[in-house]
Structure formats: C-alpha cells, structure tokens
Amino acid sequence: MSPFAHITGWGMAVPQRILTNFEISQIVDTSDEKIQELTGIRERHIASEDQSTASLAVDAALKALEMSGLRPESLDLIIVSTSSPEYIFPATACLVQDQIGASKAGAFDLLAACTGFIYALNMASQAIRSGSIQSALVVGSETLSRLVNWKDRNTCILFGDGAGAFVLQASDVPGGILSSVLRSDGSGGDLLSVPGGGSKHPTTLESVEMGLHYVQMNGREVFRFATRVMAQATKEAAAAAGFQIADLALVIPHQANKRIIDAAARGLEIPIERCMINVERYGNTSTASIPIATVEAVESGRLKAGDKIVFVGFGAGLTWGALAVQWSGPILPKRKVYPRSYLFWLRMRSLLLRVVRRMESILWGRDIPRS
Ligand code: ACO
C-alpha cells in the first residue's frame with residue numbers, strides 16, 4: 001500500500017513592521033474606509049531592509065521543523081514556492097537548504113503565483129505517496145512589497161510580506177493530503193504580471209523607466225476569475241477525496257480579498273464562519289497566505305487533528321487549485337529537535353564548504369580538461 005503524506009509540522013514568519021491603511025493613504029489617493037470596503041484589508045506586514053524572501057522562509061521552516069520533530073538533515077526535498085525569489089537563480093530553496101542544514105535534500109523553487117503553495121504541496125505529497133521520498137519541507141514565502149509600485153493605488157493596497165511552511169512526512173496511517181486539483185489558463189497571463197526582468201523584457205534603463213518591474217494587474221478581471229473558480233475547485237477536490245462539502249470543518253482559501261472569500265462561501269453554500277479569514281491583518285501575502293492562515297487556524301483552535309478541510313487558491317498565470325486534507329496534527333517526535341540552536345554551526349558549515357571549494361579551485365582549477 002502506498003504511504004500517506006501527512007502534514008506534521010507548520011510555522012509562519014511575518015516581518016515586525018506593520019503598514020496600516022492610514023499610512024498608505026498618506027502615499028496615494030485612498031483611505032482606510034475605501035481599502036476596507038474594496039478588500040477587507042486593514043494592515044499588512046512589510047519586510048525590513050535586512051529581511052528577504054529567504055530569511056522569512058528560513059524562519060518559518062525552522063518553526064515547522066521544530067513542530068514536526070524532524071531533523072533538517074533528514075529532509076529529502078525542499079520546495080520553495082515564491083513569485084518574489086531572492087534571485088532569478090540560484091533558487092531560493094537552495095539558500096534555505098544551506099541555511100537550515102538540510103544536507104541530504106534536493107531543493108527547487110516553484111512558481112505558480114498565489115496558487116504556488118497548493119502546487120508545491122501536491123508535488124511533495126505525490127513524491128511521498130509514490131514512495132520515492134520520506135519527507136519534504138514546503139515553504140511559501142514572499143516579499144511582494146519589493147515588486148509593488150507604491151504610487152499605484154490599485155495594487156499597493158493589496159500586498160503584504162510573509163512566509164509559511166509545512167513539513168510533510170510519510171506514514172501508513174490514512175489521512176493527510178488526499179486529493180488535489182491543479183488548473184491553469186495561460187490566456188489570462190496578461191491580467192496579472194511582472195513583465196520586466198525576464199528574457200522577454202530584460203532589465204534596461206528603458207524597462208525601469210516604463211515600470212515593467214512592478215506588479216501590473218487588471219483587478220476587476222482577476223476578481224471575476226477568482227470568484228468563478230474558487231467554489232468549483234473546492235468542490236472537485238472534496239469530491240475526489242470522498243468528502244461532502246457539509247463535512248468540511250474549514251475551508252482555508254487564498255487570502256486576496258474578503259469579498260472573493262465571501263463569494264466562494266456563497267458558491268459553496270457554507271456559512272462564512274467555516275472559511276478561515278485573516279486577510280484583514282496580513283493583506284495578500286500571495287503563496288504564503290494559505291500556510292499563514294493554517295497556522296493561525298491551528299493556534300486559534302479552529303483546526304484540529306482529524307478535521308476534513310480544503311485548501312483553495314488562485315493567482316497569476318492564471319492558475320488555480322485545491323487540495324483536500326484530513327488534518328493530522330503533529331505526529332509526536334521520538335525526541336525534540338531544536339534546529340534554531342545550531343544556526344551558528346550551520347553558518348560555519350556553509351562557510352567551510354565555501355572555503356573548501358575555493359581551495360579546490362586554487363589547487364585543481366587549472367586541471368579542468370579543455371578540448
Ligand atoms: N482607493 C480608493 N479608491 C479606489 C481604490 C483605492 N485603492 N481602488 C479603486 N478605487 C475606486 C475606483 O476608482 C472606483 O471608483 P468609481 O466607482 O468612482 O469609478 C471604485 O473604487 C471601484 O473600483 P474597481 O477597480 O471597480 O474596484 P473593485 O471592486 O474591482 O476592487 C480590487 C478593486 C480590490 C483590486 C479588486 O478588483 C480585487 O480584489 N481584484 C482581485 C485582485 C487580486 O486578488 N489580485 C491578486 C491575485 S493573487 C496573485 O497571483 C498575486
């Protein structure tokens with residue numbers, strides 16, 4: 001029998017700095033009342049200069065590992081889902097791998113915008129269910145505040161920074177991630193994009209002057225698309241896992257806009273109380289929003305072991321998807337792990353690897369065969 005993929009650890013990290021609607025109204029022509037009316041957002045967290053997508057991801061990952069009791073060096077795979085990676089390459093996942101000391105893990109980034117965490121969870125759980133790996137770390141991390149045009153009131157009111165992480169482990173006990181629905185429609189790619197900086201529009205003085213490196217969005221069309229797909233994907237994922245919508249203890253949707261979540265609840269014919277909502281305090285943290293909402297659902301007692309739930313998201317691409325999950329709760333560790341306590345040694349390890357590589361290149365670099 002193929003193993004099940006259980007979520008055995010979770011963690012979140014958001015920057016300390018909170019940016020309120022009132023503060024945004026000092027920058028662009030808007031108001032707290034209007035932002036709340038359009039989106040339900042009151043405030044969001046914004047990364048400080050010394051924080052980045054990788055540093056938030058590492059923070060969230062360490063909390064998830066502590067919760068799961070899994071040592072970083074036991075991890076087989078790391079997927080970081082992000083639309084605001086540290087660099088075009090190397091992958092942010094590799095920076096996380098190095099900083100948490102996951103010495104045996106493969107690591108890659110996945111880009112499916114705000115649906116990325118759903119896609120990444122599906123990839124990791126499929127690898128576990130196929131028997132090819134035993135454990136995975138899936139992180140959603142964003143610093144979209146760095147890609148937003150702070151003079152554009154249509155977009156700058158929406159986004160916030162943050163990260164969330166899950167540890168997945170194989171187990172023969174039924175439960176965990178049971179079904180998934182992944183969809184895309186590239187014909188809507190232009191509705192939400194950052195056009196500059198890739199191979200189509202490489203970075204030039206002109207591309208910067210034209211604002212091609214900022215998030216560009218047709219909000220109304222994205223809104224219409226989101227309200228169309230959220231309920232449908234939730235129903236499909238639930239049905240594939242054999243869940244009735246009435247059985248769902250909680251739907252944990254991507255937190256983009258309170259009105260979109262209201263519409264999804266209406267489409268599902270469930271009371272809004274059965275949807276986890278925290279968009280008012282974080283804004284849209286893109287791929288990080290679902291794990292952040294999950295951590296808060298557990299901490300507030302709204303999500304308990306055994307509960308049947310659905311994660312559902314949508315985003316640029318266009319992409320959308322949903323996962324049906326029987327929530328596991330932490331599988332109690334044989335012994336506690338404290339990955340945070342040896343961060344200093346992990347930095348030393350990384351430094352040592354760099355020194356060894358440098359010495360090897362001095363000693364052997366000239367011996368690279370040339371044709
Ligand atoms: N402040 C003040 N007024 C505003 C603002 C603002 N920030 N934005 C719009 N308005 C005004 C408009 O001028 C308009 O005024 P009018 O009626 O006098 O003409 C009115 O508010 C309504 O404007 P709309 O653009 O029609 O507002 P809408 O109801 O569509 O809400 C919003 C805009 C919030 C952007 C909404 O369309 C939305 O949430 N879309 C989805 C966005 C989203 O989820 N994006 C992220 C996807 S995830 C990812 O992959 C990154």
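Tutor: In this predicted model, a residue counts as near the ligand if its C-beta atom, placed from the backbone, lies within 6 Å of it. The shell around the ligand holds 24 residues, of which the closest are T30, A113, G219, A256 and G315.

Student: Which elements give two or more residues to the shell around the ligand?

Tutor: These elements are α2 (32-39), α6 (153-156) and α8 (219-240). The largest share, 5 residues, comes from α8. By class, the shell divides into 13 nonpolar, 8 polar and 3 charged residues.

Student: Why are α3 and α4 called oblique to each other?

Tutor: Helix α3 (residues 53-68) and helix α4 (residues 92-100) pack at an angle of about 50°, with their axes 9 Å apart. Angles under 35 degrees count as roughly parallel and 65 to 115 as roughly perpendicular. The angle of about 50° belongs to neither class, and α3 and α4 are therefore oblique. The crossing of α3 past α4 is right-handed.

Student: What makes the contact of α3 with α4?

Tutor: From α3 come T53, A54, A57, V58, A61 and L62, and from α4 come T92, L95, V96, Q99 and I100. Among the residues of this contact, 8 are nonpolar, 3 are polar and none is charged.

Student: Is I309 buried or exposed, and how do you know?

Tutor: I309 lies in strand β12 (residues 308-315). A residue is buried if 20 or more other C-beta atoms lie within 10 Å of its own. I309 has 24 such atoms and is therefore buried. Leaving aside neighbours within four places in sequence, I309 is in contact with L248, A249, L250, V251, I252, L303, V325 and W327.

Definitions and conventions
Residues are numbered from 1 along each chain as its sequence is written. This is a predicted model: local features need pLDDT of at least 70, side-chain atom pairs count only at pLDDT 80 or more; totals for chains, interfaces and linings use all residues. Axes are lines fitted to C-alpha atoms, for helices over the stretch in contact, and angles run from 0 to 180 degrees between N-to-C directions. Helices (H or I, at least four residues) and strands (E, at least two) are DSSP runs, numbered from the N terminus. Angles under 35 degrees count as roughly parallel, over 145 as roughly antiparallel, 65 to 115 as roughly perpendicular and the rest as oblique. A crossing is left-handed if the near helix is turned anticlockwise from the far one by less than a right angle, and right-handed if clockwise. Two residues are in contact if their C-beta atoms, placed from the backbone, lie within 7 Å. Ala, Val, Leu, Ile, Met, Phe, Trp, Tyr, Cys and Pro count as nonpolar, Asp, Glu, Lys and Arg as charged, and the others, Gly among them, as polar. A residue is buried if 20 or more other C-beta atoms lie within 10 Å of its own, exposed if 12 or fewer, and partly exposed in between; C-beta atoms are placed from the backbone.
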